[in-house]
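Colleague: I'm new to this one, so please take me slowly through a single part of it. I'd like a close look at the cavities.

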Amino acid sequence: MHGPLIETLARQGVTRRTFMKYCATLASMMALPPAAGRAMAEAMAAAPSASKRPSVIWLPFQECTGCTESITRSHSPTLEGLIFDVISLDYQETLMAAAGHQAEEALHAAMKANEGKYLLIVDGSIPLGLDGAYSCIGGKSNLETLKEVAKGAAAIVAMGSCAAYGGLPRANPNPTGAVSVADIIKDKPIINIPGCPPIPVVMTGVLAHFLTFGSLPELDKLGRPKAFYGETIHDRCYRRPFYDQGKFAKTFDDEGARNGWCLFELGCKGPITHNACATVKWNGGTSWPVESGHGCLGCSEPDFWDGGGFYKALSMPANPLKMVAGAAAVGVAVGVATSVLNRGKKGAARAAHEKTTLADLEK
Amino acid sequence: MNEMQFLTWVRGQGLDLAVSLFLLGVLWRLLEIYGLGRKKDLTAPRHASGASGWHTVFRRSLPAESMLKKSPVTYIAGYTFHLGLGLVVFLFAPHIKLIQSLTGLHWPGLPSQFIDLIAIVTIAAMVVVLADRISKPVKRFISTFEDWFTWLVTFLPLLTGWLAVRHLLLPYTSMLAVHILCVEILLIVLPFTKLFHAFTVFGSRWYNGTVNGHKGVVV
């Protein structure tokens, strides 16, 4: 196997064998057959010289750059980072050297040169309030930019919960009128990679899939790749046996917490969260939230921010019960009123009761 | 409304509404029933009435002589599903957590595998009870809409809860929301149907026993 990528990797001290192992791991993570790993490796290794690499345009909208941080930093300088050697990242405000008009030119040049073929990555939500004035780049609202750039894209990747569902900006009361990419673009294949931020390997896995097979991986009904979002955190959690045994940490500092018991009662949203944290982990497989002692927030699910509180168990009320006291008072009032009414009826019946005498019977 | 919003609604406003209507109904009906009062029996009691009442509360939990043989399905399946329902509702850890958050009371739960087993047995017993009601002409004849309806609203929370835990039919989030919604329907329906026996059963037994004792029927 030869190609520009293999040579680049060799220069960086990464052997062909390591690269093959990486592709095989990626393929198995995505539940693809073993042969897919080799296909991926060949497709990526055969990627042509820099000028012909698949173009990727990355648009940042209402976001915190956490998604970019996640992708670029957490796995750098492992092989995860090197996968960028097979694509041509033509526009990424945070990473690119160009700024201002030069950046805009780069964007338009990439769009023109790769019309209909480039992959568009979006992170951040799109504000619709005040005609989109809440977030503008180069004098254009995010809505305008998205529509313009999406037109020529082969596919769109909505990176992070903001792009996938509206995310934090959309949290109640959604002051900017934030929406997701899929709320606006209806005529392009869209893949959602939610998470706040998403796991880096999910991103690279999807990219590798796209490069190898020219298509997006199998998606669930929320547009997420099933390979990574097919199972819940709870079902893959190493603390699951404690849940089944009924052993729960009650506070973050009790014996249960120290023994690593289940965090359900401390508000863990693992049971309703589909993501790969429990298996892939974070920071190069170092750890993940539950392993570090904190419940899952459910960041890869829609509206996770408005789910009733991070520290409330799923079976607890999402909000305080406000009507209960009033309802109880009404219940008592109605009960007492009915009783009084019934007593009145009985009294009236007693009063109206006429005694029957012998004379009456003889009539 | 997506799955998460649905779940948050049933955990939030939906729960508020259901618990409120439940409390309203329970307080209303308890006050109404016990507020009715009874005419004082002026006859001299033939038997000390108090113990009779308490005795009846206990005794009527057991099948009457020869009845167990005559209609075993009613008794065995009936006991099984009542007991099972009680265990599943009050000894499943997430349920205890809910009760704790509403009332502050809590107690240890059972491991979820036990709950799972009890749930299956309870579901089976409820299906048997329904089949019995359908297949026995007399039972079918005396059954009204309320009987079928209350069976359904009792059965659905149990079934959806079990499906949710087992991840069957619908994704867990949706099934959990459907389960909570079913429980809320049950809560709203309970005070206004025959399901109110959950609150009145022992009171009415005590009353019957006391009246019978007063009349000389020693039980």
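Modeller: Sure. A cavity here is a set of grid points where a 1.4 Å probe fits but cannot get out, and a residue counts as lining if it has an atom within 4 Å of a point. Bear in mind that the model is predicted. Searching the whole structure turns up five cavities of 30 Å³ or more. Let's start with the largest cavity, which holds about 90 Å³ of space. Its lining comes from chain A: A:Ile233, A:His234, A:Cys237, A:Arg239, A:Arg240, A:Cys262, A:Leu263, A:Phe264, A:Cys268, A:Gly270, A:Pro271 and A:Val290. Sort those by class and you get eight nonpolar, two polar and two charged residues. The charged pair is A:Arg239 and A:Arg240, while A:His234 and A:Gly270 are the polar ones.

Next comes the second largest cavity, with about 70 Å³ of space. Chain A lines this one too, through A:Leu59, A:Tyr91, A:Glu104, A:Leu107, A:His108, A:Ile137, A:Lys140, A:Thr145, A:Glu148 and A:Val149. If you're tracing it on the model, look for helix H6 (100-113) and helix H7 (142-151) of chain A, since each supplies at least two residues of that lining. By class, the lining of the second largest cavity splits into five nonpolar, two polar and three charged residues. Here the charged ones are A:Glu104, A:Lys140 and A:Glu148, and the polar ones are A:His108 and A:Thr145.

Terms used:
Residues numbered from 1 in each chain as written. Chains lettered and ligands numbered in written order. Predicted model: local features only at pLDDT ≥ 70, side-chain atom pairs only at ≥ 80, totals over all residues. Heavy atoms only, no water. 1 Å grid on protein atoms, 1.4 Å probe; cavity = no way out; pocket = protein on both sides within 12 Å on 5 of 7 lines; lining within 4 Å. Points joined across faces, edges and corners; volume = space filled by probe spheres on them. Helix = DSSP H or I, 4+ residues; strand = E, 2+ residues; numbered from the N terminus.
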